[in-house]
Amino acid sequence: MLVVMYLCGLRRSEPGRIRADSVRWESQLGVFSFVIPGAKGARRDVRVYLDEEGSWYLATYLQQVHRQLHSTTPFLFPAARTGSGISPTWVGVLFHRRRKAAGIRPRGRKITPHILRHSLATHLLQAGADPRRVQRKLRHRSLTTT
């Protein structure tokens, strides 16, 4: 989930809304895509695309985890107990657990799931991506926000 959040620039409220039946293999591109229902900024459903590496992670998740443990829920990233989509609060809890397990310390800075969006934007811009492309990827209305 965290890899998908980073690669697609998802907000913490978005993974829990993604439905498993919206995941589609884009054979011409060789990657997965899925729909973010009611995506903020777009104010509509938005189809986003993973890259090849992200598609590999999602394929592994779908084969090893989702089909075995979550086959009765329509959500791609369900809450463990209820089967509804994972809540933004739980996204934060899982993010902080993984951060601590990886040994990443805040060092005076607040580290939240939103930092994945900042990191994606920074990495894309440092790699020479057009700022307008980054704006579209993050679904910002204004380039100033990006």
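This tour of a predicted model goes through two pockets and then one glutamine.

**Largest pocket**

Start with Pro78, Ala79, Ala80, Ile86 and Leu94, which lie nearest the centre of the largest pocket. The space here comes to about 400 Å³. Widen the selection to the lining, which numbers 14 residues. Colour the lining by class: 10 residues are nonpolar, two are polar and two are charged. Next, select helix H3, residues 88-101. This helix supplies three residues, the largest share of the lining of the largest pocket.

**Second largest pocket**

Keep H3 on display, since the next stop also involves it: H3 gives three residues to the lining of the second largest pocket, the most of any contributor. Select Leu2, Val3, Phe95, Arg98, Arg99, Ile104, Ile111, Ile115 and Leu116 to show the lining. Two or more of these residues come from each of helix H1 (2-8), H3 and helix H4 (115-126). The volume enclosed is about 180 Å³. Which classes make up this lining? Seven residues are nonpolar and two are charged, with no polar residue.

**Gln135**

Move on to helix H5, residues 131-138, and pick out Gln135 within it. Is Gln135 buried or exposed? Its relative accessible area is 7%, and the cut-off for buried is under 20%, so Gln135 counts as buried. To see what surrounds Gln135, select His140, Arg141, Ser142, Leu143 and Thr146. These are its contacts once neighbours within four places in sequence are left aside.

Key:
Residues numbered from 1 in each chain as written. Predicted model: local features only at pLDDT ≥ 70, side-chain atom pairs only at ≥ 80, totals over all residues. Heavy atoms only, no water. Helix = DSSP H or I, 4+ residues; strand = E, 2+ residues; numbered from the N terminus. Buried < 20%, exposed > 50% of the residue type's maximum accessible area, 1.4 Å probe, protein only. Contact = heavy atoms within 4.5 Å. 1 Å grid on protein atoms, 1.4 Å probe; cavity = no way out; pocket = protein on both sides within 12 Å on 5 of 7 lines; lining within 4 Å. Points joined across faces, edges and corners; volume = space filled by probe spheres on them. Nonpolar A, V, L, I, M, F, W, Y, C, P; charged D, E, K, R; others polar.
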